[in-house]
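The following exercises are to be worked through with the sequence and the structure in view. Each task is followed by a solution in steps.

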Amino acid sequence: MSDCLFCRIVEGEIPSKRIYEDETAVAFLDINPWQQGHALVIPRRHVKDVLEDPAALAEIAPAIGTVGDLLKERLGATACNILSNAGADSGQEVFHLHVHVLPRYADNPGISNMRGPVTTDLDQVHARLVGGE
Ligand code: 5GP
Ligand code: ZN
């Protein structure tokens, strides 16, 4: 869908800080992170939200696991919130299924702190996630 922001990110027409991809999924850093390393995992194919086509969630589940492991290994996250908004009243703003993978850290735990505060340099976080050991 040419008018879908995340389809355009999949196609590379809009730049993103990609951290992982496979045959079915693409993962990249959220442009407005709630936590350092806040990532979005999306299916390559256009699906509006997880309720429209729940099978799409299963297709990207391996990528969600890989990204969670990456955030733990490279950034020192100790936990993750895994969240997908479905429908405008849930807060969904981009209508291409995406799963937020929110790395969480021992110094700011708990669901009440899920939305930051965070100050983060996306370039630096991206380099830590995709750079060599
Ligand atoms: P939603 O509210 O739909 O669940 O989340 C959409 C997410 O996409 C938001 O967290 C927002 O910051 C992120 N986002 C919106 N536009 C862009 C963009 O152009 N690039 C990236 N990397 N993230 C975006
Ligand atoms: Zn799309």
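**Exercise 1.** In which loop is the place of P117? Describe also the peptide bond that joins G116 and P117.

*Solution.* The model is a predicted one, and every value below is computed from it.
Step 1. Locate the residue: P117 belongs to the loop that runs between β5 and α3.
Step 2. Examine the bond: G116 and P117 are joined by a cis peptide bond, with an omega of about 10°.
Step 3. Set this beside the general rule: most peptide bonds are trans.

**Exercise 2.** Determine which residues of helix α3 are buried and how they are arranged about its axis.

*Solution.*
Step 1. Helix α3 comprises residues 122-130, and its buried residues are V125, H126 and L129.
Step 2. Viewed down the axis of α3, these buried residues fall within an arc of 100°, and therefore they line one face of the helix.
Step 3. Find the cover: the elements over the buried residues of α3 include β1 (18-21), β2 (25-29) and α2.
Step 4. Inspect the N-terminal end of α3, which D121 caps: one of its side-chain oxygens lies 3.0 Å from the backbone nitrogen of D123.

**Exercise 3.** Is H100 buried or exposed? State its place and its contacts.

*Solution.*
Step 1. H100 is situated in strand β5, which spans residues 99-104.
Step 2. The relative accessibility of H100 is 7%; because buried means under 20%, H100 counts as buried.
Step 3. List the contacts, leaving aside neighbours within four places in sequence: H100 touches D30, H38, A39, L40, N81, I82, L83 and N85.
Step 4. For H38, a further detail can be given: its side chain and that of H100 are joined by a polar contact of 2.9 Å.

**Exercise 4.** Describe the surroundings of ligand 1 and state how much of its accessible area the protein covers.

*Solution.*
Step 1. Ligand 1 is surrounded by 16 residues, of which the closest are D30, N85, G91, E93 and H98.
Step 2. Consider the polar backbone atoms. That of L29 is 2.9 Å from a nitrogen atom of the ligand. An oxygen atom of ligand 1 is 2.8 Å from a polar backbone atom of G91, and an oxygen atom of the ligand is 3.0 Å from one of V94.
Step 3. On its own, ligand 1 has 520 Å² of accessible area, and the protein covers 84% of this.

**Exercise 5.** Give the place and the exposure of E52 and of T66, and for each residue state one separation in sequence and in space.

*Solution.*
Step 1. E52 is located in the loop between β3 (39-43) and α2 (55-75), whereas T66 is part of helix α2.
Step 2. E52 has a relative accessible area of 47% and is partly exposed. T66, with a value of 34%, is also partly exposed. Both classifications follow because partly exposed covers the range between under 20% (buried) and over 50% (exposed).
Step 3. Turn to the C-alpha atoms. E52 and G87 are 35 residues apart in sequence and 9.9 Å apart in space. T66 and A127 are 61 residues apart in sequence and 17 Å apart in space.
Step 4. Complete the account of E52: a polar atom of its side chain lies 2.8 Å from the backbone nitrogen of K48.

Methods:
Residues numbered from 1 in each chain as written. Chains lettered and ligands numbered in written order. Predicted model: local features only at pLDDT ≥ 70, side-chain atom pairs only at ≥ 80, totals over all residues. Heavy atoms only, no water. Helix = DSSP H or I, 4+ residues; strand = E, 2+ residues; numbered from the N terminus. Buried < 20%, exposed > 50% of the residue type's maximum accessible area, 1.4 Å probe, protein only. Polar contact = N/O pair within 3.5 Å; in protein donor to acceptor, adjacent residues only side chain to side chain. Arc of directions from axis to C-beta. Contact = heavy atoms within 4.5 Å. Near = heavy atom within 4 Å. Areas by Shrake-Rupley, 256 points an atom, 1.4 Å probe, with all protein chains shown as cover.
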